[in-house]
Amino acid sequence: MAMQRSAAVIGGSLGGLFAANLLLRAGWDVHVYERAAEELEGRGAGIVTHPELFDVLRDAGVVVDDSLGVKVTQRVTLDHSGHRLAECELPQTLTAWSRLYSALRTALPDSRYHTGKQLVAFSDDGAAVHARFSDGQAVRADLLVAADGIRSTIRQHLLPQVKPMYAGYLAWRGLVEESALSAQALRDVFPYFAFGLPAQEQMIAYPVAGANNAVAPGRRRYNFVWYRPASQAQLTDMLTDGDGKVWPEGIPPPLIRTEVLDGARQAARAVLAPQFAEVVEKTGALLFQPIYDLESPQLAFGRIALIGDAAFVARPHCGMGVTKAAADAAALADALASPGDDIAAGLRRFESQRLAFGARVVGHARELGAYLEATAQGRDNSAQAHDRSPKNVMLRTAVPMT
Ligand SMILES: Cc1cc2nc3c(=O)[nH]c(=O)nc-3n(C[C@H](O)[C@H](O)[C@H](O)COP(=O)(O)OP(=O)(O)OC[C@H]3O[C@@H](n4cnc5c(N)ncnc54)[C@H](O)[C@@H]3O)c2cc1C
(Lines give C-alpha, C1' and ligand atoms only; values in the text may rest on other atoms or scores of the structure.)
Protein backbone atom coordinates (compact mmCIF):
# COMPACT_ATOMS: atom_id res chain seq x y z
CA MET A 1 0.00 0.00 0.00
CA ALA A 2 1.27 3.49 -0.86
CA MET A 3 1.93 5.72 2.16
CA GLN A 4 -0.53 8.59 2.63
CA ARG A 5 0.96 11.70 1.03
CA SER A 6 1.19 14.89 3.08
CA ALA A 7 0.76 18.53 2.05
CA ALA A 8 1.44 21.80 3.86
CA VAL A 9 -0.63 24.67 2.47
CA ILE A 10 0.68 28.14 3.33
CA GLY A 11 -2.10 30.74 3.47
CA GLY A 12 -5.60 30.04 4.74
CA SER A 13 -7.61 32.35 2.48
CA LEU A 14 -9.70 31.18 -0.47
CA GLY A 15 -6.85 29.79 -2.60
CA GLY A 16 -5.42 27.81 0.33
CA LEU A 17 -8.83 26.48 1.34
CA PHE A 18 -9.64 25.34 -2.18
CA ALA A 19 -6.33 23.46 -2.37
CA ALA A 20 -6.66 21.94 1.09
CA ASN A 21 -10.22 20.72 0.60
CA LEU A 22 -9.48 19.21 -2.81
CA LEU A 23 -6.27 17.48 -1.65
CA LEU A 24 -8.01 16.19 1.49
CA ARG A 25 -10.77 14.64 -0.62
CA ALA A 26 -8.12 13.08 -2.86
CA GLY A 27 -6.68 11.26 0.16
CA TRP A 28 -3.86 13.60 1.23
CA ASP A 29 -2.94 14.33 4.84
CA VAL A 30 -3.21 18.10 4.50
CA HIS A 31 -2.71 21.01 6.91
CA VAL A 32 -3.22 24.73 6.32
CA TYR A 33 -0.99 27.32 8.00
CA GLU A 34 -2.34 30.87 8.13
CA ARG A 35 -0.33 33.73 9.60
CA ALA A 36 -3.37 35.70 10.89
CA ALA A 37 -4.02 34.94 14.53
CA GLU A 38 -7.79 34.97 14.11
CA GLU A 39 -10.07 33.27 11.62
CA LEU A 40 -10.31 35.47 8.51
CA GLU A 41 -14.11 35.85 8.61
CA GLY A 42 -15.43 39.26 7.57
CA ARG A 43 -12.57 40.20 5.26
CA GLY A 44 -13.13 41.33 1.69
CA ALA A 45 -16.28 42.24 -0.16
CA GLY A 46 -18.18 41.20 -3.28
CA ILE A 47 -17.06 38.44 -5.63
CA VAL A 48 -18.28 37.83 -9.16
CA THR A 49 -18.78 34.13 -9.88
CA HIS A 50 -18.31 32.10 -13.05
CA PRO A 51 -19.73 28.59 -13.74
CA GLU A 52 -16.31 26.97 -13.27
CA LEU A 53 -16.19 28.24 -9.68
CA PHE A 54 -19.29 26.24 -8.73
CA ASP A 55 -17.80 23.03 -10.16
CA VAL A 56 -14.69 23.39 -8.01
CA LEU A 57 -16.75 24.34 -4.93
CA ARG A 58 -18.73 21.08 -5.29
CA ASP A 59 -15.52 19.06 -5.62
CA ALA A 60 -14.17 20.85 -2.54
CA GLY A 61 -17.12 19.60 -0.46
CA VAL A 62 -19.30 22.73 -0.50
CA VAL A 63 -23.07 22.47 -0.98
CA VAL A 64 -23.85 24.68 -3.96
CA ASP A 65 -27.36 26.08 -3.66
CA ASP A 66 -29.23 29.40 -3.81
CA SER A 67 -27.76 30.49 -0.48
CA LEU A 68 -24.33 30.94 -2.11
CA GLY A 69 -25.15 34.27 -3.67
CA VAL A 70 -27.54 36.78 -5.14
CA LYS A 71 -28.68 36.27 -8.73
CA VAL A 72 -28.97 39.19 -11.13
CA THR A 73 -30.17 38.95 -14.71
CA GLN A 74 -29.36 42.37 -16.15
CA ARG A 75 -26.54 44.83 -16.40
CA VAL A 76 -27.27 48.54 -16.65
CA THR A 77 -25.18 51.69 -17.15
CA LEU A 78 -26.26 55.00 -15.65
CA ASP A 79 -25.19 58.39 -16.91
CA HIS A 80 -24.00 61.21 -14.68
CA SER A 81 -27.53 62.40 -13.93
CA GLY A 82 -28.66 58.89 -12.98
CA HIS A 83 -30.61 58.03 -16.12
CA ARG A 84 -30.25 54.61 -17.71
CA LEU A 85 -27.88 54.86 -20.65
CA ALA A 86 -27.73 51.21 -21.70
CA GLU A 87 -28.72 47.74 -20.56
CA CYS A 88 -28.05 44.11 -21.45
CA GLU A 89 -29.12 40.67 -20.29
CA LEU A 90 -26.32 38.85 -18.46
CA PRO A 91 -27.44 36.42 -15.73
CA GLN A 92 -24.81 36.00 -13.02
CA THR A 93 -24.53 35.04 -9.35
CA LEU A 94 -22.77 37.52 -7.11
CA THR A 95 -21.43 36.36 -3.82
CA ALA A 96 -19.23 37.69 -1.05
CA TRP A 97 -15.73 36.77 0.07
CA SER A 98 -16.97 35.88 3.55
CA ARG A 99 -19.69 33.59 2.16
CA LEU A 100 -17.14 31.57 0.19
CA TYR A 101 -14.66 31.61 3.06
CA SER A 102 -17.17 30.24 5.57
CA ALA A 103 -18.35 27.52 3.12
CA LEU A 104 -14.79 26.36 2.39
CA ARG A 105 -13.65 26.71 5.99
CA THR A 106 -16.61 24.60 7.22
CA ALA A 107 -15.67 21.90 4.71
CA LEU A 108 -12.20 21.56 6.28
CA PRO A 109 -11.87 19.93 9.75
CA ASP A 110 -10.66 22.41 12.42
CA SER A 111 -7.78 20.10 13.29
CA ARG A 112 -6.33 20.81 9.82
CA TYR A 113 -6.47 24.66 9.93
CA HIS A 114 -3.81 26.39 12.00
CA THR A 115 -3.92 30.14 12.68
CA GLY A 116 -1.08 32.30 13.97
CA LYS A 117 1.40 30.38 11.79
CA GLN A 118 3.59 32.71 9.79
CA LEU A 119 5.94 30.86 7.46
CA VAL A 120 9.44 32.30 7.81
CA ALA A 121 11.63 29.68 6.10
CA PHE A 122 11.29 26.64 3.88
CA SER A 123 13.44 24.20 1.92
CA ASP A 124 13.06 21.29 -0.47
CA ASP A 125 15.66 18.54 -0.08
CA GLY A 126 14.30 16.49 -2.97
CA ALA A 127 12.74 13.86 -0.69
CA ALA A 128 10.48 16.26 1.28
CA VAL A 129 9.77 19.92 1.98
CA HIS A 130 10.42 21.55 5.34
CA ALA A 131 8.60 24.65 6.57
CA ARG A 132 9.35 26.73 9.65
CA PHE A 133 7.03 29.21 11.32
CA SER A 134 7.67 32.33 13.40
CA ASP A 135 6.66 30.52 16.59
CA GLY A 136 9.44 28.00 16.02
CA GLN A 137 7.25 25.11 14.83
CA ALA A 138 8.69 23.08 11.95
CA VAL A 139 6.78 20.73 9.68
CA ARG A 140 7.83 18.22 7.03
CA ALA A 141 5.59 17.31 4.10
CA ASP A 142 5.67 15.78 0.63
CA LEU A 143 4.21 18.91 -0.99
CA LEU A 144 4.30 22.64 -0.17
CA VAL A 145 1.49 24.77 -1.64
CA ALA A 146 2.17 28.51 -1.70
CA ALA A 147 -1.26 30.13 -1.35
CA ASP A 148 0.14 33.11 0.52
CA GLY A 149 -1.16 35.88 -1.71
CA ILE A 150 0.25 38.81 -3.67
CA ARG A 151 3.16 39.38 -1.22
CA SER A 152 3.90 35.63 -1.03
CA THR A 153 6.91 34.87 1.17
CA ILE A 154 7.53 31.72 -0.83
CA ARG A 155 7.44 33.46 -4.22
CA GLN A 156 9.72 36.25 -2.98
CA HIS A 157 12.33 33.61 -2.13
CA LEU A 158 11.91 31.59 -5.32
CA LEU A 159 11.36 34.46 -7.77
CA PRO A 160 12.83 37.58 -6.13
CA GLN A 161 12.63 39.50 -9.43
CA VAL A 162 8.82 39.16 -9.61
CA LYS A 163 7.08 42.06 -7.92
CA PRO A 164 3.56 43.52 -7.95
CA MET A 165 3.48 46.45 -10.41
CA TYR A 166 1.21 49.37 -9.51
CA ALA A 167 -1.24 49.90 -12.38
CA GLY A 168 -1.63 53.67 -11.94
CA TYR A 169 -5.11 53.56 -10.40
CA LEU A 170 -6.90 52.34 -7.32
CA ALA A 171 -10.30 50.99 -6.36
CA TRP A 172 -12.50 52.44 -3.67
CA ARG A 173 -14.61 49.63 -2.27
CA GLY A 174 -17.40 49.22 0.20
CA LEU A 175 -20.66 47.58 1.16
CA VAL A 176 -23.90 49.27 2.14
CA GLU A 177 -26.95 47.65 3.74
CA GLU A 178 -29.90 47.18 1.38
CA SER A 179 -32.15 48.51 4.16
CA ALA A 180 -30.21 51.81 4.23
CA LEU A 181 -30.77 52.64 0.55
CA SER A 182 -33.35 55.11 -0.78
CA ALA A 183 -36.29 53.99 -2.92
CA GLN A 184 -34.52 55.49 -5.95
CA ALA A 185 -31.31 53.49 -5.41
CA LEU A 186 -33.31 50.32 -4.67
CA ARG A 187 -35.18 50.75 -7.96
CA ASP A 188 -32.42 51.97 -10.28
CA VAL A 189 -29.29 50.13 -9.22
CA PHE A 190 -29.77 47.56 -6.46
CA PRO A 191 -31.31 44.76 -8.61
CA TYR A 192 -28.60 45.07 -11.22
CA PHE A 193 -24.94 44.66 -11.96
CA ALA A 194 -24.70 48.41 -12.50
CA PHE A 195 -22.04 50.51 -14.18
CA GLY A 196 -21.11 54.17 -14.14
CA LEU A 197 -18.56 55.39 -16.68
CA PRO A 198 -17.47 58.91 -15.78
CA ALA A 199 -14.54 60.21 -17.82
CA GLN A 200 -11.32 58.36 -16.85
CA GLU A 201 -13.09 56.41 -14.10
CA GLN A 202 -15.34 53.40 -13.67
CA MET A 203 -17.94 52.42 -11.10
CA ILE A 204 -19.33 48.92 -10.87
CA ALA A 205 -21.80 47.80 -8.22
CA TYR A 206 -23.90 44.72 -7.52
CA PRO A 207 -25.95 43.10 -4.73
CA VAL A 208 -24.35 40.49 -2.47
CA ALA A 209 -25.33 38.55 0.66
CA GLY A 210 -25.72 40.53 3.86
CA ALA A 211 -24.76 39.89 7.50
CA ASN A 212 -24.62 36.18 8.39
CA ASN A 213 -24.65 35.47 4.65
CA ALA A 214 -28.35 36.40 4.38
CA VAL A 215 -29.70 36.50 0.81
CA ALA A 216 -33.34 37.31 1.69
CA PRO A 217 -34.70 40.58 0.25
CA GLY A 218 -34.15 43.44 2.69
CA ARG A 219 -31.15 41.76 4.33
CA ARG A 220 -28.68 41.88 1.46
CA ARG A 221 -25.94 44.42 0.79
CA TYR A 222 -24.83 46.43 -2.20
CA ASN A 223 -21.15 46.15 -3.11
CA PHE A 224 -19.22 48.63 -5.19
CA VAL A 225 -15.78 48.95 -6.79
CA TRP A 226 -14.97 52.46 -8.01
CA TYR A 227 -11.78 52.81 -10.04
CA ARG A 228 -9.98 56.16 -9.97
CA PRO A 229 -6.59 57.09 -11.40
CA ALA A 230 -3.91 58.10 -8.90
CA SER A 231 -0.28 58.90 -9.58
CA GLN A 232 2.35 57.19 -7.45
CA ALA A 233 2.76 60.43 -5.45
CA GLN A 234 -1.00 60.70 -4.85
CA LEU A 235 -1.13 57.04 -3.85
CA THR A 236 1.74 57.45 -1.37
CA ASP A 237 -0.09 60.37 0.23
CA MET A 238 -3.27 58.28 0.51
CA LEU A 239 -1.29 55.42 2.06
CA THR A 240 0.03 57.74 4.78
CA ASP A 241 -1.77 57.55 8.12
CA GLY A 242 -2.46 60.39 10.56
CA ASP A 243 0.90 59.84 12.29
CA GLY A 244 2.81 60.20 9.02
CA LYS A 245 3.53 56.49 8.65
CA VAL A 246 3.37 55.21 5.06
CA TRP A 247 1.84 51.75 4.46
CA PRO A 248 3.27 50.84 1.02
CA GLU A 249 1.63 47.41 0.96
CA GLY A 250 -1.85 48.73 1.79
CA ILE A 251 -3.13 50.93 4.59
CA PRO A 252 -5.44 49.26 7.14
CA PRO A 253 -8.89 50.81 6.47
CA PRO A 254 -9.28 52.29 10.00
CA LEU A 255 -6.04 54.28 9.43
CA ILE A 256 -7.14 56.00 6.21
CA ARG A 257 -7.08 59.73 7.01
CA THR A 258 -10.43 61.50 7.36
CA GLU A 259 -9.54 64.03 4.66
CA VAL A 260 -8.85 61.18 2.21
CA LEU A 261 -12.24 59.61 2.98
CA ASP A 262 -13.98 62.99 2.78
CA GLY A 263 -12.25 63.64 -0.55
CA ALA A 264 -13.62 60.38 -1.95
CA ARG A 265 -17.18 61.14 -0.80
CA GLN A 266 -16.94 64.63 -2.27
CA ALA A 267 -15.64 63.24 -5.58
CA ALA A 268 -18.48 60.68 -5.60
CA ARG A 269 -21.03 63.52 -5.40
CA ALA A 270 -19.26 65.37 -8.22
CA VAL A 271 -18.59 62.60 -10.74
CA LEU A 272 -20.99 59.70 -10.09
CA ALA A 273 -24.70 59.28 -10.73
CA PRO A 274 -26.67 60.32 -7.61
CA GLN A 275 -27.65 56.69 -6.93
CA PHE A 276 -23.97 55.67 -6.83
CA ALA A 277 -22.96 58.74 -4.81
CA GLU A 278 -25.58 57.70 -2.25
CA VAL A 279 -24.07 54.20 -2.08
CA VAL A 280 -20.60 55.67 -1.43
CA GLU A 281 -22.00 58.18 1.08
CA LYS A 282 -23.82 55.51 3.10
CA THR A 283 -20.90 53.07 3.19
CA GLY A 284 -19.63 52.91 6.76
CA ALA A 285 -16.29 51.25 6.14
CA LEU A 286 -15.06 52.93 2.97
CA LEU A 287 -11.65 51.60 1.88
CA PHE A 288 -9.34 51.67 -1.11
CA GLN A 289 -6.95 49.20 -2.67
CA PRO A 290 -4.20 50.05 -5.16
CA ILE A 291 -4.51 47.92 -8.30
CA TYR A 292 -1.55 45.74 -9.29
CA ASP A 293 -0.39 43.38 -12.01
CA LEU A 294 1.70 40.38 -11.02
CA GLU A 295 2.98 37.65 -13.31
CA SER A 296 5.13 34.67 -12.36
CA PRO A 297 7.18 32.99 -15.08
CA GLN A 298 7.26 29.68 -13.19
CA LEU A 299 4.80 27.93 -10.84
CA ALA A 300 6.49 24.60 -10.05
CA PHE A 301 9.74 24.33 -8.07
CA GLY A 302 10.45 20.69 -7.24
CA ARG A 303 7.87 19.86 -4.55
CA ILE A 304 6.64 23.46 -4.25
CA ALA A 305 3.75 25.01 -6.22
CA LEU A 306 2.50 28.60 -6.44
CA ILE A 307 -1.27 29.08 -6.76
CA GLY A 308 -3.85 31.90 -6.62
CA ASP A 309 -2.61 35.44 -6.03
CA ALA A 310 0.86 34.16 -5.09
CA ALA A 311 1.21 33.14 -8.76
CA PHE A 312 -0.70 35.79 -10.74
CA VAL A 313 -2.70 38.87 -9.85
CA ALA A 314 -4.89 40.33 -12.55
CA ARG A 315 -6.61 43.67 -12.23
CA PRO A 316 -10.14 42.99 -10.97
CA HIS A 317 -11.88 43.89 -14.27
CA CYS A 318 -12.10 40.19 -15.21
CA GLY A 319 -13.58 39.27 -11.80
CA MET A 320 -11.44 36.16 -12.09
CA GLY A 321 -9.28 36.17 -8.94
CA VAL A 322 -11.28 33.65 -6.96
CA THR A 323 -12.26 31.48 -9.94
CA LYS A 324 -8.62 31.38 -11.02
CA ALA A 325 -7.47 30.42 -7.50
CA ALA A 326 -10.11 27.65 -7.49
CA ALA A 327 -9.08 26.37 -10.92
CA ASP A 328 -5.37 26.49 -9.94
CA ALA A 329 -6.17 24.32 -6.92
CA ALA A 330 -8.22 21.93 -9.05
CA ALA A 331 -5.44 21.59 -11.62
CA LEU A 332 -2.94 20.95 -8.82
CA ALA A 333 -5.06 18.20 -7.26
CA ASP A 334 -5.68 16.63 -10.70
CA ALA A 335 -1.99 16.66 -11.58
CA LEU A 336 -1.23 14.74 -8.38
CA ALA A 337 -4.29 12.48 -8.45
CA SER A 338 -2.52 9.15 -8.42
CA PRO A 339 -0.78 8.21 -5.14
CA GLY A 340 2.10 6.78 -7.18
CA ASP A 341 2.69 10.11 -8.99
CA ASP A 342 6.11 11.67 -8.90
CA ILE A 343 5.35 14.99 -7.19
CA ALA A 344 7.84 17.13 -9.09
CA ALA A 345 6.62 15.70 -12.42
CA GLY A 346 2.99 16.28 -11.37
CA LEU A 347 3.77 19.90 -10.51
CA ARG A 348 5.35 20.41 -13.90
CA ARG A 349 2.10 19.15 -15.47
CA PHE A 350 0.18 21.59 -13.26
CA GLU A 351 2.45 24.42 -14.37
CA SER A 352 2.06 23.60 -18.04
CA GLN A 353 -1.72 23.92 -17.64
CA ARG A 354 -1.89 27.07 -15.55
CA LEU A 355 1.02 29.27 -16.60
CA ALA A 356 -0.38 30.39 -19.96
CA PHE A 357 -3.88 30.87 -18.54
CA GLY A 358 -2.62 33.08 -15.71
CA ALA A 359 -0.68 35.25 -18.15
CA ARG A 360 -3.74 35.51 -20.39
CA VAL A 361 -5.98 36.70 -17.53
CA VAL A 362 -3.41 39.31 -16.49
CA GLY A 363 -3.11 40.52 -20.09
CA HIS A 364 -6.86 40.70 -20.64
CA ALA A 365 -7.43 42.61 -17.39
CA ARG A 366 -4.60 45.00 -18.27
CA GLU A 367 -6.28 45.69 -21.58
CA LEU A 368 -9.66 46.31 -19.93
CA GLY A 369 -8.11 48.81 -17.50
CA ALA A 370 -5.67 50.43 -19.92
CA TYR A 371 -7.61 53.66 -20.27
CA LEU A 372 -7.47 54.23 -16.51
CA GLU A 373 -3.76 53.58 -16.38
CA ALA A 374 -3.02 55.75 -19.38
CA THR A 375 -4.89 58.63 -17.81
CA ALA A 376 -2.95 58.29 -14.58
CA GLN A 377 0.28 58.51 -16.51
CA GLY A 378 -0.87 61.55 -18.41
CA ARG A 379 -0.96 59.84 -21.82
CA ASP A 380 -3.61 60.40 -24.43
CA ASN A 381 -6.26 57.73 -23.98
CA SER A 382 -8.33 58.54 -27.05
CA ALA A 383 -7.08 55.37 -28.76
CA GLN A 384 -9.05 53.34 -26.24
CA ALA A 385 -12.17 55.48 -26.53
CA HIS A 386 -13.94 53.06 -28.88
CA ASP A 387 -13.66 50.35 -26.24
CA ARG A 388 -15.52 52.41 -23.72
CA SER A 389 -19.04 52.36 -25.07
CA PRO A 390 -21.36 51.23 -22.25
CA LYS A 391 -22.42 48.08 -24.15
CA ASN A 392 -18.84 47.05 -24.80
CA VAL A 393 -17.76 47.67 -21.21
CA MET A 394 -20.76 45.76 -19.84
CA LEU A 395 -20.20 42.78 -22.14
CA ARG A 396 -16.46 42.50 -21.45
CA THR A 397 -16.23 43.16 -17.71
CA ALA A 398 -16.27 40.22 -15.26
CA VAL A 399 -17.46 37.60 -17.73
CA PRO A 400 -16.14 34.02 -18.01
CA MET A 401 -12.83 33.47 -19.83
CA THR A 402 -12.68 30.09 -21.44
C1 LIG B 1 -10.41 45.57 -5.75
C2 LIG B 1 -10.43 44.07 -5.91
C3 LIG B 1 -11.59 43.46 -6.39
C4 LIG B 1 -11.63 42.07 -6.57
N5 LIG B 1 -12.77 41.54 -7.07
C6 LIG B 1 -12.80 40.22 -7.32
C7 LIG B 1 -13.95 39.61 -7.93
O8 LIG B 1 -14.98 40.23 -8.21
N9 LIG B 1 -13.91 38.30 -8.18
C10 LIG B 1 -12.82 37.55 -7.90
O11 LIG B 1 -12.85 36.35 -8.15
N12 LIG B 1 -11.71 38.08 -7.30
C13 LIG B 1 -11.66 39.38 -7.03
N14 LIG B 1 -10.53 39.90 -6.48
C15 LIG B 1 -9.34 39.02 -6.25
C16 LIG B 1 -9.48 38.02 -5.10
O17 LIG B 1 -9.71 38.71 -3.92
C18 LIG B 1 -8.23 37.07 -4.98
O19 LIG B 1 -7.74 36.81 -6.25
C20 LIG B 1 -8.59 35.73 -4.33
O21 LIG B 1 -9.10 35.98 -3.05
C22 LIG B 1 -7.45 34.66 -4.24
O23 LIG B 1 -6.57 34.99 -3.22
P24 LIG B 1 -5.54 33.99 -2.52
O25 LIG B 1 -6.22 33.04 -1.58
O26 LIG B 1 -4.63 33.40 -3.53
O27 LIG B 1 -4.68 35.03 -1.70
P28 LIG B 1 -5.12 35.93 -0.47
O29 LIG B 1 -6.58 36.05 -0.36
O30 LIG B 1 -4.31 37.16 -0.53
O31 LIG B 1 -4.64 35.07 0.79
C32 LIG B 1 -3.30 34.86 1.14
C33 LIG B 1 -3.28 34.37 2.58
O34 LIG B 1 -1.96 33.99 2.93
C35 LIG B 1 -1.68 34.48 4.23
N36 LIG B 1 -0.21 34.62 4.31
C37 LIG B 1 0.57 35.52 3.67
N38 LIG B 1 1.85 35.34 3.99
C39 LIG B 1 1.89 34.28 4.84
C40 LIG B 1 2.96 33.60 5.51
N41 LIG B 1 4.24 33.98 5.38
N42 LIG B 1 2.65 32.54 6.30
C43 LIG B 1 1.34 32.14 6.45
N44 LIG B 1 0.31 32.75 5.84
C45 LIG B 1 0.58 33.80 5.04
C46 LIG B 1 -2.42 35.80 4.31
O47 LIG B 1 -2.66 36.19 5.65
C48 LIG B 1 -3.71 35.46 3.56
O49 LIG B 1 -4.72 34.95 4.41
C50 LIG B 1 -10.46 41.27 -6.26
C51 LIG B 1 -9.33 41.89 -5.76
C52 LIG B 1 -9.30 43.27 -5.59
C53 LIG B 1 -8.04 43.91 -5.05
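Which residues is Q92 in contact with, leaving aside its neighbours within four places in sequence? That was my opening entry, and I kept in mind that this is a predicted model.

**Entry 1: Q92**

I found Q92 in strand β5, which covers residues 84-96. With sequence neighbours within four places left out, I listed V48, T49, H50, V70, K71, V72, R75, F193 and A398 as its contacts. I then looked up the accessibility of Q92: its relative accessible area is 7%, so I noted Q92 as buried, the cut-off being under 20%.

**Entry 2: the two domains**

Next I turned to the domain assignment. It gives domain 1 as 6-43 + 98-163 + 294-365, and domain 2 as 66-97 + 165-292 + 367-396. Taken over C-alpha atoms, the centres of domain 1 and domain 2 are 29 Å apart. I noted 22 residues from domain 1 and 22 residues from domain 2 in the contact.

How much area do domain 1 and domain 2 bury between them? I wrote down about 2,000 Å², with 53% of it on carbon and sulfur atoms. On the domain 1 side, R99, R315 and H317 stood out for me: they supply 38% of the area that domain 1 buries against domain 2, more than any other three residues.

I also looked for polar links. Between domain 1 and domain 2 there are 18 residue pairs in polar contact, both residues at pLDDT 80 or more, while I found zero salt bridges across the interface. For the side of domain 1 that touches domain 2, α3 (97-107) and α10 (343-376) each supply at least two residues. The largest share of that side, five residues, comes from α3. I sorted the residues of that side into 11 nonpolar, six polar and five charged.

**Entry 3: salt bridges**

My count of salt bridges in the model came to 21. I picked out a few and checked the exposure of each partner.

- R84 and E87 meet through their side chains at 2.5 Å, N to O. R84 is partly exposed at 38% relative accessibility, and E87 is partly exposed at 38%.
- D188 and R187 meet at 2.7 Å, N to O. Here I noted D188 as buried at 16%, whereas R187 is exposed at 55%.
- R257 pairs with E259, their closest N and O atoms being 3.2 Å apart. R257 is buried at 14%, but E259 is exposed at 53%.

Which residues do salt bridges with shared partners join into one network? I entered D293, E295, R315 and R366.

Key: Residues numbered from 1 in each chain as written. Predicted model: local features only at pLDDT ≥ 70, side-chain atom pairs only at ≥ 80, totals over all residues. Heavy atoms only, no water. Helix = DSSP H or I, 4+ residues; strand = E, 2+ residues; numbered from the N terminus. Buried < 20%, exposed > 50% of the residue type's maximum accessible area, 1.4 Å probe, protein only. Contact = heavy atoms within 4.5 Å. Domains from an automatic or database assignment. Buried area = accessible area lost by both parts, 1.4 Å probe. Salt bridge = Lys/Arg side-chain N within 4 Å of Asp/Glu carboxyl O. Polar contact = N/O pair within 3.5 Å; in protein donor to acceptor, adjacent residues only side chain to side chain. Nonpolar A, V, L, I, M, F, W, Y, C, P; charged D, E, K, R; others polar.
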